[in-house]
Amino acid sequence: MQDTYGRKIEYLRISVTDKCNLRCRYCMPPGGVPGIPHEEILRLEEIARLSGIMAGMGIKKIRLTGGEPLVRKNVTGLVRSMHEYPEIERLAITTNGVMLPQLLPELIDAGLTNLNISIDTLDREKYQEITGFDKLEDVISGIDSAYENGMEIKLNCVPCKGLNDDEFTRLAGLSRDRKIDVRFIELMPIGQGRLFTGISSKEILEQLEAEYGKATELPYMGEGPAQYFAFEGFKGRVGFISPISHKFCADCNRLRLTSDGRLKLCLYYKDGVDLKGPLREGASDEEIQELVKKAIYMKPKEHCFGEADVQDTELKRMNQIGG
Ligand code: SAM
Ligand code: SF4
């Protein structure tokens with residue numbers, strides 16, 4: 001699948017639910033959000049069918065996200081069924097990690113090997129301030145068991161002024177003794193994110209270099225938008241995802257499927273193509289493929305975060321889109 005700008009579309013991010021067991025302040029309002037009615041949410045079999053159709057069209061990598069994907073009942077069953085598509089070379093989950101202590105054994109049994117775990121601080125009180133819940137210990141224990149079980153782990157932190165300013169060297173330090181990647185993601189002005197101020201990748205790198213010495217930039221290995229660095233003596237890498245300071249739209253190879261069944265072409269724009277309606281009205285695999293192809297031709301050239309005209313922008317929150 002190629003779009004009109006010659007980008008090869010190989011990556012599908014699926015939001016399996018808009019619900020979450022945390023309330024990260026830059027992502028969700030403290031009182032939560034009105035949930036999407038149950039019948040509007042794609043059933044797991046529908047997600048599996050759409051994934052299978054898109055795998056047949058060239059999707060090679062799928063990431064399950066949310067909301068919090070691990071709160072979706074039987075998400076493990078979905079992981080299991082996704083492994084039946086031979087075209088899918090890589091299946092991963094992005095999670096806040098809170099439910100890993102309970103679910104890790106069954107996820108491993110279902111064949112999951114890759115986990116991205118979001119963690120913005122290593123301080124218990126700060127974690128509670130940011131997320132609304134005293135769950136840091138569960139997340140740490142989930143990371144430890146995933147690592148001990150040989151999973152490939154990436155930790156994601158969103159630096160936010162006034163929330164976790166002095167946490168970055170400690171977080172990056174997690175990649176010193178273990179082969180874990182720690183990544184810093186620039187805050188995007190989406191939903192609640194508009195109420196906070198992010199910190200640029202450059203500023204974080206400077207802080208880390210002041211603590212750990214000069215970092216070496218690693219060559220790009222085709223691993224998505226992150227730019228990776230090596231610090232001397234570290235087993236893992238430190239990465240930066242910089243949608244604001246360095247647009248990576250020219251290499252964007254992704255599509256997003258929202259929990260209510262819309263195919264989104266860009267995180268920034270609010271439009272998207274409804275797949276749930278046709279699916280439930282009995283569309284054939286070929287008809288769905290046609291809709292996906294048409295959608296891909298609409299994939300915009302780039303996002304416009306930071307520019308004045310915001311009329312078309314996504315008003316939904318990150319928990320609804322899947323990050
Ligand atoms: N609940 C899961 C989690 O937290 O990993 C998956 C969904 S969450 C929306 C996916 C990622 O998006 C998390 O790493 C989160 O920190 C990040 N995120 C949320 N709001 C963001 C924003 N406004 N800008 C940048 N990243 C954001
Ligand atoms: Fe939930 Fe993830 Fe959003 Fe935090 S970032 S509120 S864990 S969806």
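Over which ring does the charged end of Arg-237 sit? In this predicted model, the answer is Tyr-228, with the charged end of Arg-237 placed 3.7 Å from the ring centre. A similar arrangement turns up at Tyr-11, whose ring has the charged end of Lys-61 sitting over it, 4.3 Å from the centre.

Aromatic rings also meet each other here, in six pairs. Take Tyr-212 and Phe-234: the ring centres are 5.0 Å apart and the planes lie at 75 degrees, so this one counts as edge-to-face, the cut-off being over 60 degrees. The pair ties together distant parts of the chain, 22 residues apart, with Tyr-212 coming from helix H7 (residues 201–212) and Phe-234 from the loop that runs between strands E8 (227–230) and E9 (238–241). Both Tyr-212 and Phe-234 are buried. Elsewhere, a single aromatic cluster is made up of Phe-168, Phe-184, Phe-229 and Phe-240.

Phe-184 shows up again in the largest nonpolar core, a set of 90 residues, where it ranks with Tyr-26, Leu-64 and Leu-208 among those with the most contacts inside the core. Helix H1 (residues 44–55) is the top contributor to this core, giving seven residues. Leaving out residues up to four places away in sequence, Phe-184 touches a long list of partners, including Cys-157, Pro-159, Ile-204, Val-238 and Ile-241, plus its cluster mates Phe-168 and Phe-240.

As for ligand 2, eight residues surround it, and the closest are Cys-20, Cys-24, Cys-27, Gly-67 and Asn-96. Sorted by class, this shell comes out as five nonpolar and three polar residues, with no charged ones.

Note on methods
Residues are numbered from 1 along each chain as its sequence is written. Chains are lettered from A and ligands numbered from 1 in the order in which they are written. This is a predicted model: local features need pLDDT of at least 70, side-chain atom pairs count only at pLDDT 80 or more; totals for chains, interfaces and linings use all residues. Side-chain values use heavy atoms; hydrogens and water are left out. A nonpolar core is a set of buried Ala, Val, Leu, Ile, Met, Phe, Trp, Tyr and Cys residues joined through side-chain atoms within 4.5 Å. Buried means under 20% relative accessible area, exposed over 50%, partly exposed in between (1.4 Å probe, protein chains only). Helices (H or I, at least four residues) and strands (E, at least two) are DSSP runs, numbered from the N terminus. Contact means heavy atoms within 4.5 Å. A residue is near a molecule or strand if one of its heavy atoms lies within 4 Å of it. Ala, Val, Leu, Ile, Met, Phe, Trp, Tyr, Cys and Pro count as nonpolar, Asp, Glu, Lys and Arg as charged, and the others, Gly among them, as polar. Rings of Phe, Tyr and Trp (its six-membered ring) pair if their centres lie within 6.5 Å; planes under 30 degrees apart count as stacked, over 60 as edge-to-face and the rest as tilted. A charge sits over a ring if NZ of Lys or CZ of Arg is within 6 Å of the ring centre and within 35 degrees of the ring normal.
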